[in-house]
Amino acid sequence: MVATKKSLKRFRWRGLMNAGEVPCVLCQRESSGEPATLEIAASLARQCRSGDCILLNGDLGAGKTAFARGFIQALNPENVEITSPTFTLVQTYPARSGDMIWHFDLYRLKNAQELVEIGLDEALQSGITLMEWPQLASEYVPAQSLVVTIIAGENPQHRQLSFSGLPSVWKDRLSKL
Ligand SMILES: Nc1ncnc2c1ncn2[C@@H]1O[C@H](COP(=O)(O)OP(=O)(O)OP(=O)(O)O)[C@@H](O)[C@H]1O
Ligand SMILES: [Mg+2]
């Protein structure tokens, strides 16, 4: 795909939608270990559909890829090899519903134009998007995104997960987690 300034500008517009509503923390969960994180992610996945964008925040090793693995496998157990797309920046997986899941890891993103080349626009329009290191694309992600923040806890296995987004989009769905 040819990257153009026009297509980047179009991303920016999407970020301005729903400007009247303010995102807030809607739900918090404790995870006692990786299996618990996988289960929380799976339960979120069952509430998601095409057009949803999940932003995964957290330090190196927080558990963003683990969360993505639980999410992707819940939507299709045949997706068994799920690793971070460290160098390709994106990997796609089929969901059983027919939706496509796009897993981005932007840690090595060089510039915003690369977002067009790796298919972010297509992902946001027609797929389910999971994104690690979303702060590198903050101007280009939808205002309707769900932000999942994973923070280390008291012991090496413990994590705190917080979920924030626009209440009109996420509140009901998160109540089912
Ligand atoms: N409660 C937990 N939830 C998730 N992962 C956990 C938990 N406890 C321990 N871990 C371990 O923490 C590590 C998380 O690695 P992971 O690759 O998912 O992190 P990441 O946030 O994607 O890192 P990076 O920023 O490098 O992409 C794994 O080794 C996992 O087994
Ligand atoms: Mg990762």
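**Two helices and a ligand**

Trainee: How do α2 and α3 pack, angle-wise, and how far apart are their axes?
Mentor: In this predicted model, helix α2 (residues 34–45) packs with helix α3 (residues 64–75) at an angle of about 50 degrees, and their axes are 7 Å apart.

Trainee: What do you call that arrangement of α2 and α3?
Mentor: Angles under 35 degrees count as roughly parallel and 65 to 115 as roughly perpendicular. With about 50 degrees between them, α2 and α3 are therefore oblique to each other.

Trainee: And is the crossing of α2 and α3 right-handed or left-handed?
Mentor: That crossing is right-handed.

Trainee: Which residues in α2 and α3 meet?
Mentor: From α2 you have E34, T37, L38, E39, A41, A42, L44 and A45. They meet A66, F67, R69, G70, F71, A74 and L75 in α3. Ten residues of this contact are nonpolar, two are polar and three are charged.

Trainee: Switching to ligand 1, which residues come nearest?
Mentor: T37, G63, K64, T65 and A66 do, out of 17 residues around ligand 1. Two elements, α2 and α3, each give two or more residues to that shell.

Trainee: How many of the shell residues are nonpolar, polar or charged?
Mentor: Around ligand 1, four are nonpolar, nine are polar and four are charged.

Trainee: Last thing, what's the mean pLDDT of the protein?
Mentor: The mean is 91, with 89% of the residues at 70 or more. Residues 1–6 stay under 50, though, and the model has five contacts for them beyond four places in sequence.

Conventions. Residues are numbered from 1 along each chain as its sequence is written. Chains are lettered from A and ligands numbered from 1 in the order in which they are written. This is a predicted model: local features need pLDDT of at least 70, side-chain atom pairs count only at pLDDT 80 or more; totals for chains, interfaces and linings use all residues. Axes are lines fitted to C-alpha atoms, for helices over the stretch in contact, and angles run from 0 to 180 degrees between N-to-C directions. Helices (H or I, at least four residues) and strands (E, at least two) are DSSP runs, numbered from the N terminus. Angles under 35 degrees count as roughly parallel, over 145 as roughly antiparallel, 65 to 115 as roughly perpendicular and the rest as oblique. A crossing is left-handed if the near helix is turned anticlockwise from the far one by less than a right angle, and right-handed if clockwise. Two residues are in contact if their C-beta atoms, placed from the backbone, lie within 7 Å. Ala, Val, Leu, Ile, Met, Phe, Trp, Tyr, Cys and Pro count as nonpolar, Asp, Glu, Lys and Arg as charged, and the others, Gly among them, as polar. A residue is near a molecule or strand if its C-beta atom, placed from the backbone, lies within 6 Å of it. pLDDT is the predictor's confidence in each residue, from 0 to 100.
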